[in-house]
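Colleague: Could you take me through this predicted model, with the reasoning behind each answer?

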Amino acid sequence: MTPPSPPRVAVLASGRGSNLRVLLDYFTVDARRGSAVIALVASDKADAGALAVASEHGVDARALSMDERHEASLLALLVEHAIEIVVLAGYVRLVPPAVVRAYEGRMVNVHPALLPAFGGKGMYGGRVHRAVLQSGVRLSGPTVHFVDELYDHGAIITQWPVPVLERDTEQTLAARVLHAEHRLLPRVVHALASGRLRWSSEGVRGASLGMAPDMVFALAGPDALEQAMDQALGLT
Ligand code: GRF
């Protein structure tokens, strides 16, 4: 009997595509992880670095039409590529309602702060980290959540706290958050693709922070961080 084929994933991205790169590495370079296929990358910006990253890896890369046909053409593109899971990786546009409905519980977004704080319309890139620094909070970190019809609003799947240090600049904080984000996002997609993580109207099932306190700040080294994330998402 032939094994079932891995779920086909689309990545929507507006920027340089560093999250896309780690997703491609996670699912293609490391053969142990062949549990999903990145089959499509689409962007609202024709010159997004993410489209170049996709082409480099031989993945179909498309610039989206952002006119009145946007909703219908995005949905058609996803259907045409038989996409089962959609990942927003640095995608700054609101996903149109018909697409949100079609992918309910199968579309996730990564945000570089601990939602529900520091999110919403216009809160992306450096603005997020600037707002975190200005607020004086001592923790930040990536949030991965299901997508609904509002910006940065759907059910939270997991968050990974990192410290905000006294001498942090926007750049040093962004780098610390991105370090955790690059490890967390592929694992969430893996958990979703393999059915370990599920959404229902009663909430998110299969993900928690279940980790030792010293893992919270990634003090135990990169491997331990990855192991703690695997454990939290039931991937061990
Ligand atoms: C990340 O900080 C992510 O959290 C946010 O946009 C940035 C994406 O960067 N949504 P990249 O394009 O993946 O490098």
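Colleague: Which residues is Thr143 in contact with, leaving aside its neighbours within four places in sequence, and is Thr143 buried or exposed?
Modeller: Leaving aside neighbours within four places in sequence, Thr143, which lies in strand 7 (residues 143–146), is in contact with Asn109, Val110, His111, Ala113, Leu114, Leu115, Ile156, Thr158 and Gln159. Its relative accessible area is 0%, and since the cut-off for that class is under 20%, Thr143 is buried.

Colleague: Which backbone atoms does the side chain of Thr143 reach?
Modeller: A polar atom of the Thr143 side chain lies 3.0 Å from the backbone nitrogen of Leu115. The side chain of Thr143 also reaches, at 2.6 Å, the backbone oxygen of Ala113.

Colleague: How much of the ligand's area does the protein bury?
Modeller: The residues around the ligand include Val110 and His111, along with Arg16, Gly17 and Ser18. An oxygen atom of the ligand is 2.5 Å from a side-chain N or O atom of Arg16, and for the side chain of Ser18 the distance from a ligand oxygen to an N or O atom is 2.5 Å. Taken alone the ligand exposes 370 Å², and of that the protein buries 87%.

Colleague: Which helix gives the most to the largest nonpolar core?
Modeller: That core has 49 residues, of which Val11, Leu20, Ile38 and Val87 touch the most other members. The greatest contribution, ten residues, comes from helix 6 (residues 170–193).

Technical notes:
Residues are numbered from 1 along each chain as its sequence is written. This is a predicted model: local features need pLDDT of at least 70, side-chain atom pairs count only at pLDDT 80 or more; totals for chains, interfaces and linings use all residues. Side-chain values use heavy atoms; hydrogens and water are left out. A nonpolar core is a set of buried Ala, Val, Leu, Ile, Met, Phe, Trp, Tyr and Cys residues joined through side-chain atoms within 4.5 Å. Buried means under 20% relative accessible area, exposed over 50%, partly exposed in between (1.4 Å probe, protein chains only). Helices (H or I, at least four residues) and strands (E, at least two) are DSSP runs, numbered from the N terminus. A residue is near a molecule or strand if one of its heavy atoms lies within 4 Å of it. A polar contact is a pair of N or O atoms within 3.5 Å; within protein, one must be able to donate a hydrogen and the other to accept it, and residues adjacent in sequence count only if both atoms are side-chain atoms. Accessible areas come from the Shrake-Rupley method with a 1.4 Å probe; for residues, only the protein chains shown count as cover. Contact means heavy atoms within 4.5 Å.
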